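Q: Could you take a close look at one part of this protein for me? I'd like to hear about its strand near the C-terminal end of the fold pattern, and how that part sits in the whole.

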Amino acid sequence: MSKVATCCSVKVLINLLAQLIAIAKCDDETQWRKAVEIIDRAESCFICNVVLCEIFWVLKGKPYKYSSAEIMRTLELILQSPKFEFENKSVIYQAISLARQGTADFAAYLIGAINHHYKGDRTVTFDRQLKTVKRFEVLK
């Protein structure tokens with residue numbers, strides 16, 4: 001990873017993304033303008049995996065209530081942007097692919113993809129929504 005000039009918080013990214021997702025329900029126009037300014041000025045912006053999970057949760061909940069499909073499309077768009085850097089793009093793409101096919105939370109798929117990347121043969125969970133997903137073992 002190259003030198004990163006700015007690391008973005010969830011609130012900064014949410015204000016930016018909410019305006020960019022066509023169904024814009026940006027909760028604060030002033031914050032949106034500041035978010036755009038900060039990201040425009042930065043050489044690059046680092047988005048860690050935890051922030052990606054929080055973006056999913058915030059956009060899924062109130063007041064946004066975006067569908068998982070809309071959020072996955074948005075995450076893919078930011079992954080393709082040269083402005084943003086991530087912990088591991090291929091792992092995130094795997095999680096997005098799994099999230100599109102399944103019903104569990106994006107964070108669960110990201111955790112599983114990370115564990116697999118680090119040579120874990122399975123991820124043990126209590127989340128029943130993962131019972132048919134390879135590399136997950138659901139405990140009873």
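A: Let's begin with the overall layout: read along the sequence, the pattern is β-α-α-β-α-α-β-α-α-β-β. That comes to 6 helices and 5 strands. Keep in mind that this is a predicted model. The protein has 140 residues, and 41% of them count as buried. Of the contacts with a separation of 6 or more, 54% are between residues 24 or more positions apart. The protein exposes about 8,100 Å², with carbon and sulfur atoms supplying 55% of that area.

Now to the strand itself. Strand β4 covers residues 123–125, and T123 and T125 are both found in it. T123 has a relative accessible area of 9%, so it is buried. T125 comes in at 16% relative accessibility, and since buried means under 20%, T125 counts as buried too.

What do these two threonines touch? Setting aside neighbours within four places in sequence, T123 is in contact with I111, G112, N115, R135, F136 and E137. T125, with residues up to four places away left out, touches L130, F136, E137, V138 and L139. Strand β5 spans 136–138, so you can place part of both contact lists there: F136 and E137 turn up for T123, and F136, E137 and V138 for T125. The T125 side chain also reaches the backbone nitrogen of D127, at 3.0 Å. On the helix side, α6 runs over 106–117, and I111, G112 and N115 are among the contacts of T123. A113 is 10 residues from T123 in sequence, with 9.1 Å between their C-alpha atoms.

From there, it's a short step to the core. The largest nonpolar core has 36 residues, and L75 and F106 have the most contacts inside it. At least two residues of this core come from each of β2 (45–47), α3 (49–60), α4 (68–80), β3 (84–86), α5 (89–101), α6 and β5. F106, leaving aside neighbours within four places, is in contact with L52, C53, F56, M72, L75, A95, I96 and A99.

Several of those partners of F106 lead to helix α3, where N49, V51, L52, C53, I55, F56 and L59 are buried. Its 12 residues should span 16 Å at 1.5 Å a residue, and the end C-alpha atoms are 17 Å apart, which agrees. Another threonine, T74, lies in helix α4. At 9% relative accessibility, T74 counts as buried. T74 is 18 residues from F56 in sequence, and their C-alpha atoms are 9.7 Å apart.

For a contrast in how a helix can show its two sides, look at α2, residues 29–41. With 13 residues at 1.5 Å each step, α2 should span 18 Å, and its end C-alpha atoms are indeed 18 Å apart. Its buried residues are W32, A35 and I39. They cover an arc of only 60 degrees around the axis, which puts them on the same side of α2. The spacing fits a simple rule: an α-helix has 3.6 residues a turn, so residues three or four places apart point the same way. The face turned away from the buried side of α2 carries the exposed residues R33, K34, D40 and R41.

Note on methods
Residues are numbered from 1 along each chain as its sequence is written. This is a predicted model: local features need pLDDT of at least 70, side-chain atom pairs count only at pLDDT 80 or more; totals for chains, interfaces and linings use all residues. Side-chain values use heavy atoms; hydrogens and water are left out. Helices (H or I, at least four residues) and strands (E, at least two) are DSSP runs, numbered from the N terminus. Buried means under 20% relative accessible area, exposed over 50%, partly exposed in between (1.4 Å probe, protein chains only). Contact means heavy atoms within 4.5 Å. Accessible areas come from the Shrake-Rupley method with a 1.4 Å probe; for residues, only the protein chains shown count as cover. The expected span of a helix is 1.5 Å times one less than its number of residues. The arc is that of the directions from the helix axis to the C-beta atoms. A polar contact is a pair of N or O atoms within 3.5 Å; within protein, one must be able to donate a hydrogen and the other to accept it, and residues adjacent in sequence count only if both atoms are side-chain atoms. A nonpolar core is a set of buried Ala, Val, Leu, Ile, Met, Phe, Trp, Tyr and Cys residues joined through side-chain atoms within 4.5 Å.
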